[in-house]
Amino acid sequence: MNESVHIPQFGPATIAADDPRYESLLRGTNHRFVAKPDRVCVVTSTEQVVAVVGAAVGSGLRVTVRSGGHGFEGFFAAEGGVLLDMSEMTNVYYDPSRTAFAVEPGALLGHVYRVLFKGWNVTIPGGECTEVGVGGHFVGGGYGPLSRRLGAVVDYLYAVEVVVVDADGAAHAVVATCEPDDPHRDLWWAHTGGGGGNFGVVTRYWVRSPGVTSTDPAELLPKAPSRWRIGFCMWPWESMTEESFTTLLRNVGTWFEQNSAPGSPHARHSASFYSSHRSGGALMLQAMIDDEIPDAAALLDTYFDTVSEGVGVEPTRSQVVRPWLYFAAYPNWGDPGTQDIRRIKIKAAYLRKGYTERQLASIWQHLTGEEGVQNQLILIGYGGQVNTVAPDATATAQRDSVLKAAYMTVWGDEAEDHTHLTRLREFYRDVYADTGGVPVPNEVSDGSYINYPDVDLADPTWNTSGVPWSTLYYKDNYPRLQQVKRRYDPRNEFRHGLSVELP
């Protein structure tokens, strides 16, 4: 007779500076940041997290946390203390006790998509960078190619398990759900866009579609696509004049203003715009859609036709269809840089409307001048189903935007840090010169995205708007986040360069 064998978890593995494993555990994706903790603790269970956090706090040591390691500002990279490595907590499973799917924080998005698809043919509208860890992605209000059609990831968050530290310094785990009568509901709410590293250590998420009452796990999340259609429309940079470039970018903004209403035909597909510096070769529109949607190819063609109108330069166009999982879980898909060129800076903004004429001129200047050869601009479609949720229903406050903008630079040599950082900062500052160098919420802009954190927004050198970083990220939701902070992290044990402050 075959009997199931219980395989014990390892850990916590405690790795000090004299351990040969130590050097391998100090970096995330962004090589600008290197942690220097007293020790790294690799954990595999909630109980281990409680023990490690409790021991660290009892010894007066700071705790920092890393799951997938994709934090763009390296908030895990503290000097001294304990670095909590969550990367081996990777389980994804159906939990009948909560009628929801449980996902541990170290699980990478590609792994989550594989398990949900293979086991139940369902998915979540998460990001397309397959090796991003769930830990920070969910809590910061993650989104991806299915979000215009299905909403943000946090719109599917049913519950969260968090290890918190009380006023006496004792660590314990709390499960918070979205249920109206849950005494910890505010802690759940804070994890629907409040950003990572603010309230405690997430050890588990539970996800399911809102309002679903079925007990069949195959009905608890949206059905996954079976085939995925990807379209491209590209222009050679060398052929573009300032008029043709600004026409294209103006068309992009106008198209998203007119085609991002919830339930509209074009909200069923993703759409984006990518520009390198002029020296980089090409400008690209991209769109992606579930190929089972009626007229999928025609919808993408209409997008490309409309945005190309009046540009005056003939683009190259193509569409390909792939099996869903080939796209959704392909290793290293979407990550910037290479193994050696992985020093990254990203600055972000939400757009309610397309850029103004002055902003278009500024973008042209920075993407064609000799100074900013590493600068990139990416506009990613948003809105659609995301905008059906009230701005205070979750901590994700931006619920009437149509685009996310990412201003990015990637390089390899530490000696060039100042040069590349300054050029990108100047690019961003000049685009938002009318509002103090940052995307102050107004008719066109709507602040920034906490999952693309940018400490410059808290620096008066680069933010002269008088609007604090906390408003740019959280708008009117910030005071409530501060109250959650006071209740669940009264000692401010969990903190970083853009952490929620105690009131």
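Two strands count as paired here if DSSP finds at least two bridges between them. That idea helps with the strand pairings in this predicted model, but the overall picture comes first.

The protein chain holds twelve helices and 16 strands. Its radius of gyration is 22 Å, close to the 23 Å that the globule rule gives for 503 residues, so the chain is as compact as a globular protein of that length. Taken along the principal axes, the C-alpha atoms fill a box of roughly 65 × 55 × 45 Å. Of the 503 residues, 58% are buried. As for contacts with a separation of 6 or more, 72% come from residues 24 or more positions apart. On the outside, the protein chain exposes about 19,700 Å², and carbon and sulfur atoms supply 50% of that area. Then there are the charges: 42 positive and 59 negative, with mean positions 1 Å apart.

Back to the strands. Strand β6 (residues 100-103) turns up in two pairings described here. With strand β5 (residues 92-95), β6 pairs in the antiparallel sense over four bridges. In that pairing, V92 has V103 of β6 as its bridge partner. The hairpin of β5 and β6 has four residues between the strands, and T99 takes a positive phi near 50 degrees there. The other pairing joins β6 to strand β9 (residues 201-207), again in the antiparallel sense, over three bridges. V103 shows up once more in this one, with Y205 as its bridge partner in β9. Put together, V103 is bridged to V92 and also to Y205.

A few spots in the backbone deserve a look of their own. One is the peptide bond between G11 and P12, which is cis, with omega at about -5 degrees. P12 sits in the segment before β1 (13-16). Another is D295, which has a positive phi of about 60 degrees although it is not a glycine. D295 belongs to the loop between β12 (282-290) and α7 (296-308). With a relative accessibility of 59%, D295 is over the 50% cut-off and therefore counts as exposed.

K475 is also a residue other than glycine with a positive phi, in this case near 50 degrees. Its place is the loop between α11 (469-474) and α12 (478-488). Is K475 buried or exposed? The relative accessible area of K475 is 18%, which is under the 20% cut-off, so K475 is buried.

The loop between β12 and α7 also contains P294. This proline is exposed, because its relative accessible area of 54% is over the 50% cut-off. Leaving aside residues up to four places away in sequence, P294 touches R268 and L299. P294 and V389 are 95 residues apart in sequence, and their C-alpha atoms lie 26 Å apart in space.

Last comes T338, found in the loop between α8 (324-328) and β14 (343-351). Its relative accessible area is 41%, which falls between the 20% and 50% cut-offs, so T338 is partly exposed. From T338 to Y488 the gap is 150 residues in sequence and 39 Å in space, C-alpha to C-alpha.

Key
Residues numbered from 1 in each chain as written. Predicted model: local features only at pLDDT ≥ 70, side-chain atom pairs only at ≥ 80, totals over all residues. Heavy atoms only, no water. Rg over C-alpha atoms; globule rule 2.2 N^0.38 Å. Buried < 20%, exposed > 50% of the residue type's maximum accessible area, 1.4 Å probe, protein only. Contact = heavy atoms within 4.5 Å. Areas by Shrake-Rupley, 256 points an atom, 1.4 Å probe, with all protein chains shown as cover. Lys, Arg positive; Asp, Glu negative; His and termini not counted. Charge placed at Lys NZ, Arg CZ, Asp CG, Glu CD.
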